[in-house]
Amino acid sequence: MTQTDGDRQPRVRSRTASRVAAVQALFQIEQGNESPERVINQFMRHRLGTSASEQCAYAEGQVPDADARLFGIVVRGAMARQDRIDALLHDILPASWPLARLDPVLRAIMHAAGGEMTGADPVPARVIINEYMDIAHGFLAGDEPRMLNGVLDALSRRINDPTAPVADADGVETIVVDEEAPTTDAAPDTRPA
């Protein structure tokens with residue numbers, strides 16, 4: 001059924017709503033130092049999907065129309081792979097803006113996107129970036145969404161190719177090389193046989 005009367009808000013896409021809820025949950029986990037499973041259960045029981053009344057809106061902390069399965073996947077994935085995501089973000093962010101210095105909502109968005117990008121069967125990076133950019137514009141103002149776009153783009157490139165160049169704070173591209181990986185361009189052994 002399509003909504004045609006002008007007094008009703010169009011329904012939010014369920015996958016986008018799930019990602020909004022995931023960002024909110026990740027924020028709550030970090031700020032309240034709460035267990036991820038406890039927060040996930042709270043959201044599932046009280047804030048997500050069809051259990052939320054038609055009259056509830058995001059302003060009241062409800063996320064109607066959310067896909068609870070995707071919500072759980074995003075939050076659990078972000079928390080399970082947080083160390084890897086943080087290490088990648090540390091390499092991408094300028095030294096003058098460490099992850100801990102960023103706005104906690106911005107961090108939650110980065111973690112949620114990183115959780116999806118590092119999953120076993122990730123959605124295409126351009127879709128993830130677009131979704132989280134839309135979410136960022138709902139939560140953040142100023143230059144933060146633009147910075148997020150660059151960080152998520154670099155994050156997706158680094159996940160797909162760990163040796164991909166990353167621009168540092170001065171815009172100079174550097175390549176991180178795995179020091180344990182064998183090299184093929186080593187100098188020939190010139191020792192006598």
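Buried means under 20% relative accessible area, exposed means over 50%, and partly exposed lies in between (1.4 Å probe, protein chains only). Keep that in mind for the close-ups below.

This is a predicted model, where local features need pLDDT of at least 70, side-chain atom pairs count only at pLDDT 80 or more, and totals for chains, interfaces and linings use all residues. Residues are numbered from 1 along each chain as its sequence is written, and side-chain values use heavy atoms, leaving out hydrogens and water.

**View 1. The whole chain: seven helices and two strands.** Helices (H or I, at least four residues) and strands (E, at least two) are DSSP runs, numbered from the N terminus. Starting at the N terminus, you meet the elements in the order α-α-α-α-α-α-α-β-β. The chain has 193 residues, and 38% of them count as buried. Take contact to mean heavy atoms within 4.5 Å. Among contacts between residues at least 6 apart in sequence, 61% join residues at least 24 apart.

**View 2. Helix H3, residues 68-80.** The expected span of a helix is 1.5 Å times one less than its number of residues. For the 13 residues of H3 this gives 18 Å, and the end C-alpha atoms are 18 Å apart, which agrees. Look for the buried residues of H3: Leu 70, Phe 71, Gly 72, Val 74, Val 75, Gly 77 and Ala 78. Their cover includes helices H1 (14-32), H2 (36-46), H4 (82-92), H5 (104-117) and H6 (125-139).

**View 3. The largest nonpolar core, with 46 residues.** A nonpolar core is a set of buried Ala, Val, Leu, Ile, Met, Phe, Trp, Tyr and Cys residues joined through side-chain atoms within 4.5 Å. Phe 71, Ile 109, Met 110 and Tyr 132 have the most contacts inside this core. Helices H1, H2, H3, H4, H5, H6 and H7 (144-160) each supply at least two of the core's residues. Now zoom in on Ile 109: leaving aside neighbours within four places in sequence, Ile 109 touches Val 23, Tyr 132, Ile 135, Ala 136, Leu 140 and Leu 148.

**View 4. Salt bridges between H1 and H5.** A salt bridge is a side-chain nitrogen of Lys or Arg within 4 Å of a carboxyl oxygen of Asp or Glu, and the structure holds eight of them. Arg 19 and Glu 116 meet in one, at 2.6 Å from N to O. Arg 19 sits in helix H1 and Glu 116 in helix H5, 97 residues apart. Arg 19 is buried, with a relative accessible area of 2%, and Glu 116 is buried too, at 8%. Glu 30 pairs with Arg 107, with the closest N and O atoms 2.3 Å apart. This second pair also links H1 to H5, across 77 residues. Here Glu 30 is partly exposed at 33% relative accessibility, whereas Arg 107 is buried at 10%.

**View 5. A salt bridge between Arg 146 and Asp 143.** The closest N and O atoms of this pair are 3.0 Å apart. Both residues are exposed.

**View 6. How confident is the predictor along the chain?** The predictor's confidence in each residue is its pLDDT, from 0 to 100. The chain's mean is 78, and 70% of its residues reach 70 or more. Among the elements, H5 has the highest mean (96) and strand E2 (residues 173-174) the lowest (43). Over residues 1-8 the pLDDT is below 50, and this stretch has five contacts beyond near neighbours in sequence. Residues 168-193 also stay under 50, with 14 contacts beyond four places in sequence.
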